[in-house]
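The exercises below are to be worked with the sequence and the model side by side. Each task is followed by a solution that proceeds step by step.

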Amino acid sequence: MELIVISPTRLKIMLTEPDMRRYALSADTAGCADGETRRSLRRLFDDARKETGFETPRAPAAVRYSSPSWAIRMPRPRR
């Protein structure tokens with residue numbers, strides 16, 4: 001897991017596939033607002049807060065999922 005504090009209100013969290021398994025997250029279930037997904041994200045955010053000290057009480061969270069296979073398929077820009 002890689003954590004990058006972008007600003008006082010933004011934290012970028014990059015997860016490897018083992019991290020995704022550890023937190024029981026997948027791109028297939030990411031849009032589901034079920035209790036298990038919310039608990040998994042809460043555990044992830046708690047661990048990130050402990051490691052970075054990053055905390056924004058009552059701030060909304062935005063989560064974007066991408067996979068390495070998706071990134072590989074992106075075309076390179078022409079020069």
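**Exercise 1.** Does I6 count as buried, partly exposed or exposed, and at what relative accessibility?

Solution. This is a predicted model in which local features need pLDDT of at least 70 and side-chain atom pairs count only at pLDDT 80 or more, whereas totals for chains, interfaces and linings use all residues. Residues are numbered from 1 along each chain as its sequence is written, and side-chain values use heavy atoms, with hydrogens and water left out. Buried means under 20% relative accessible area, exposed over 50%, and partly exposed in between (1.4 Å probe, protein chains only). I6 has 46% relative accessibility and therefore counts as partly exposed. I6 belongs to strand β1, residues 2-7, strands being DSSP runs of E with at least two residues and helices runs of H or I with at least four, numbered from the N terminus.

**Exercise 2.** Determine which parts of the chain are tied together by the salt bridge between R22 and D47.

Solution. A salt bridge requires a side-chain nitrogen of Lys or Arg within 4 Å of a carboxyl oxygen of Asp or Glu. The closest N and O atoms of R22 and D47 are 3.4 Å apart. R22 lies in helix α1 (residues 17-22) and D47 in helix α2 (residues 35-52), so the pair ties together parts that are 25 residues apart in sequence. R22 is exposed at 52% relative accessible area, while D47, at 23%, is partly exposed.

**Exercise 3.** Locate the buried residues of α2 around its axis, and state what they pack against.

Solution. The buried residues of this helix are T37, S40, L41, L44 and A48. Seen down the axis of α2, they fall within an arc of 95 degrees, so they line one face of the helix; the arc is that of the directions from the helix axis to the C-beta atoms. These buried residues pack against β1 and β2 (10-14), contact meaning heavy atoms within 4.5 Å. The face of α2 turned away from the buried side carries the exposed residues R38 and K50.

**Exercise 4.** Describe the salt bridges that involve E36 and E55.

Solution. E36 and R39 meet in a salt bridge at 3.3 Å, N to O, and, being three residues apart in helix α2, they are separated by about one helical turn. E55 pairs with R49, their closest N and O atoms being 3.9 Å apart. R42, D46, R49 and E55 are linked in a network of salt bridges.
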